[in-house]
Amino acid sequence: TAGTVRSRRWAHGLVVFQLALTPILLTGGGLMMRSIVAQYEMDAGVETDRILWARLDLPDSKYPATEDRVRFYRQLDERLSGVPGLVAAIASNAPFGGGAARNLWRDDEAVSREPRRPRVLVVTTGPRYFDAFRRRIVRGSELPVLETGNGAASVILNEWLAAAVFPGEDPIGRRIRLTPLNGTSSGSEWFTIAGIA
């Protein structure tokens, strides 16, 4: 009751605003908690109780060239594979952590600037990626270790993508092209499908 009429109106207005905002904030908090619980209880499709992952960022000043980074990751992979009882794998993204978005083209399609293309997330992995999750390739073979880039690179598709892109067909041995989302690029980005996971 203290203060001028104008200050009392402002105080009452703020109280009304706070009361109106409270249900909105409580609803948002409740939805956020539901989302966290749903993610925690989600079936990942693999046993995650004995899996640990770490992120490693290489500084550009120490590893300026792609060859330097590839050499580092190869050495790291060799050292990790030598640890008894450890199954370690290197990947560009953590599981369920996304990947590089690309447009996908079948080998019987002409690459163009068509705006609506199937988009995929690409995860680059090292050897033993599926071993780390105690999983095997459903069909086909695992990826060979890439050397200096000679020859066509191979990819593994998941079952859903294989059925969506090659309905009623056998995708093993077929080729796909992955292009950046902002259009086509001049370089060869064809990949041979080696397996289905």
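## Salt bridges and local environments

With a relative accessibility of 45%, Asp170 counts as partly exposed, a class that lies between buried (under 20% relative accessible area) and exposed (over 50%), as judged with a 1.4 Å probe and with protein chains only. The structure is a predicted model, in which local features need a pLDDT of at least 70 and side-chain atom pairs count only at a pLDDT of 80 or more, whereas totals for chains, interfaces and linings use all residues. Residues are numbered from 1 along each chain as its sequence is written, and side-chain values use heavy atoms, with hydrogens and water left out.

The protein contains four helices and six strands, where helices (H or I, at least four residues) and strands (E, at least two) are DSSP runs numbered from the N terminus. Along the sequence, these elements follow the pattern α-α-β-β-α-β-β-α-β-β. The average pLDDT, which is the predictor's confidence in each residue on a scale from 0 to 100, is 83 for the protein, and 88% of the residues score at least 70. Among the elements, the lowest mean pLDDT, 83, belongs to helix H3 (residues 129–132), while the highest, 91, belongs to H4.

Of the 197 residues in the protein, 18% are buried. The protein exposes about 14,700 Å², of which carbon and sulfur atoms supply 57%; accessible areas come from the Shrake-Rupley method with a 1.4 Å probe, and for residues only the protein chains shown count as cover. When contacts (heavy atoms within 4.5 Å) with a separation of 6 or more are considered, residues 24 or more positions apart account for 59% of them.

A search of the whole structure finds eleven salt bridges, each defined as a side-chain nitrogen of Lys or Arg within 4 Å of a carboxyl oxygen of Asp or Glu. Side chains of opposite charge can pair when their charged atoms come close. Asp170 forms one such bridge with Arg139, and the closest N and O atoms of the pair are 2.3 Å apart. This pair links distant parts of the chain, with Asp170 in the loop between H4 and S5 and Arg139 in strand S3 (residues 139–140), 31 residues apart. Arg139, at 38% relative accessibility, counts as partly exposed. Elsewhere, salt bridges that share partners join Arg106, Asp107, Asp108, Glu169 and Arg174 into one network.

Within this network, Arg174 lies in the loop between helix H4 (159–165) and strand S5 (175–179), and this residue is buried, since its relative accessible area is 17%. The side chain of Arg174 makes a polar contact of 2.6 Å with the side chain of Glu169; such a contact is a pair of N or O atoms within 3.5 Å, of which, within protein, one must be able to donate a hydrogen and the other to accept it, and residues adjacent in sequence count only if both atoms are side-chain atoms. Not counting residues up to four places away in sequence, Arg174 touches Arg106, Asp107, Asp108, Phe166, Glu169, Phe191, Thr192 and Ile193.

The loop between S2 and H3 holds Arg128, whose phi is near 70°, a positive value in a residue other than glycine. Arg128 forms a salt bridge with Asp77, the closest N and O atoms lying 2.5 Å apart. The two partners come from distant parts of the chain, Arg128 from this loop and Asp77 from helix H2 (residues 66–81), with their positions 51 residues apart. Arg128 counts as partly exposed because its relative accessibility is 23%, whereas Asp77 is buried, with a relative accessible area of 12%. Thr125 is also placed in the loop between strand S2 (119–122) and H3, and is partly exposed at 28%. The C-alpha atom of Thr125 is separated by 5.7 Å from that of Ile90, although their positions lie 35 residues apart along the chain.

Another salt bridge joins Asp131 to Arg136, with the closest N and O atoms 2.5 Å apart. Here Asp131 is partly exposed, at a relative accessible area of 28%, while Arg136 is exposed, at 59%.

On the surface, Phe17, Leu21, Ile24 and Leu25 form a nonpolar patch with about 410 Å² of accessible area together. Patches are made of residues with over 30% relative accessible area and no salt bridge, like charges being joined within 9 Å and nonpolar side chains (Val, Leu, Ile, Met, Phe, Trp, Tyr) within 5 Å. Phe17 is found in helix H1 (residues 5–41) and is exposed, with a relative accessible area of 51%.
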